[in-house]
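Colleague: I'd like to look closely at one part of this chain instead of skimming the whole thing. Pick one piece, walk me through it slowly, and then show me a little of what lies elsewhere.

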Amino acid sequence: MENVIEVKNLTKEYKNLKAIDNLSFNVYEGEILGLLGPNGSGKSTTINCILSLLNYQSGNIKIFSKKMEPNSYDIKKDIGVIFQDVAVFNELTVYENIDYFCGLYIKDKILRKEYVFDAIKLVGLEDFVKFYPKQLSGGLLRRLNIACGIAHKPRLIFLDEPTVAVDPQSRNNILDGIKQLRDNGATIIYTTHYMEEVELLCDRIIILDKGKIIAEGSSDELKKNATTVEKITVELTSITKEIIDKIETLKNIDDVYINDNIVVITYKKDANNLEKLIDLLKDNNVSYNSIFSERPTLNDVFLELTGKDLRD
């Protein structure tokens, strides 16, 4: 596949902090790449360096096989950027906002009108073209923000947390629109803290921490490399220290987490763990309301790799 982005040996330092540490990766044509990491991992700094919005100490960045620089307007016209913070004009209607941003790149009025209506249809704003931003719900405002960033039909799109604080219906609309952008030929860099979105959308995932890549691959590939192979969740009618101590003596257990009457047990090996846990509960006359087993999710892998400590 053709490289759309090439990042080689990128290093960015802020005084005593190395935000990006000799980072190298490629982004391929037509894929959705999930760029993940905890707060402070270097995601935003990496994106800003790629877009030439930040200077960096060393490294090389190419987009569409050309060196990316602050004045690379021939490259930038084929890029769409949708940041987390909504950036539209309150004094313009939905249509006028999209037309304005599209007009920064598309001067032909007839073609621009076609592009604007394509963007409106993509994000489902057909019934709101004459509305002003202050009249829109949070979900509609997010969809307007996306339309403004992609109306000029860019070949490369950066989406930063596009579904933050929106209702499920708006989220589904946004995710469907992102898939359609990919199906129409766009290459997409996607950042989010919602791991279920990553599993649904992304062809490939890069997890950053402390400015370095700590894992890379598809969702299935990352989950296969997890040390946790099974997670059992059981809701007990009551919990005693005695039963928890007995659960912890079972083989293959990696961790036992308790929240009220919910016990979550993670295992490093898969060997009839559910059956053995049920037998232990029956032998000790411990009743439960529900019990189920599941394979590790991408969220489990993410926490395993980056830790459970809170980040600033």
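Modeller: Let's settle one word before we start: a residue is called buried when its relative accessible area is under 20%, and exposed when that value is over 50%. Keep in mind, too, that this is a predicted model.

The piece I'd pick is helix H4, which runs over residues 109-123. H4 is 15 residues long, and the stretch from its first C-alpha to its last is 21 Å, close to the 21 Å you'd expect at 1.5 Å a residue.

Now, which residues of H4 are buried? They are Arg 112, Tyr 115, Val 116, Ala 119, Ile 120, Leu 122 and Val 123. These residues sit on the same side of H4, because they cover an arc of only 160° around the axis. Here's a handy rule to go with that: an α-helix has 3.6 residues a turn, so residues three or four places apart point the same way. Turn to the other side of H4 and you'll find Ile 110 and Lys 121, which are exposed.

What do the buried residues of H4 pack against? Their partners are three helices: H3 (94-103), H5 (138-150) and H6 (168-183).

The two ends of H4 deserve a look as well. At the N-terminal end, Asp 108 acts as a cap, with a side-chain oxygen 3.1 Å from the backbone nitrogen of Ile 110. So Ile 110 turns up twice in our tour, because its backbone nitrogen is the one facing that cap and the residue is also exposed, on the side of H4 away from the buried set. Just past the other end comes Gly 124, which takes a positive phi of about 70°.

Keep following the chain and you get to the loop between H4 and H5, where Gln 135 sits. Is Gln 135 buried, exposed or somewhere in between? Its relative accessibility is 47%, so Gln 135 counts as partly exposed. The side chain of Gln 135 reaches the backbone nitrogen of Tyr 132 at 2.7 Å. Gln 135 is also 9.7 Å from Asn 90, C-alpha to C-alpha, although 45 residues separate the two in sequence.

For something other than a helix, try Thr 191, in strand S8 (residues 187-191). Thr 191 has a relative accessible area of 2%, so it is buried. Leaving aside residues up to four places away in sequence, Thr 191 touches Leu 35, Ile 47, Leu 159, Asp 160, Glu 161 and Pro 162. With Asp 160 there is a polar contact, side chain to side chain, at 2.6 Å.

There's also an open sheet of four strands, in the order S2-S1-S4-S5, with antiparallel pairing. Its edge strands are S2 (17-28) and S5 (66-67), each pairing on one side only. Further in, S1 (residues 3-14) and S4 (residues 58-63) are joined by five bridges, and Ile 5 stands opposite Ile 63 in S4.

Finally, zoom out. The chain has 11 helices and 14 strands, and 46% of its 312 residues are buried. Its C-alpha atoms fill a box of roughly 75 × 50 × 35 Å along the principal axes.

Notes
Residues numbered from 1 in each chain as written. Predicted model: local features only at pLDDT ≥ 70, side-chain atom pairs only at ≥ 80, totals over all residues. Heavy atoms only, no water. Expected span 1.5 Å × (residues − 1). Buried < 20%, exposed > 50% of the residue type's maximum accessible area, 1.4 Å probe, protein only. Arc of directions from axis to C-beta. Contact = heavy atoms within 4.5 Å. Polar contact = N/O pair within 3.5 Å; in protein donor to acceptor, adjacent residues only side chain to side chain. Pairing = 2+ DSSP bridges.
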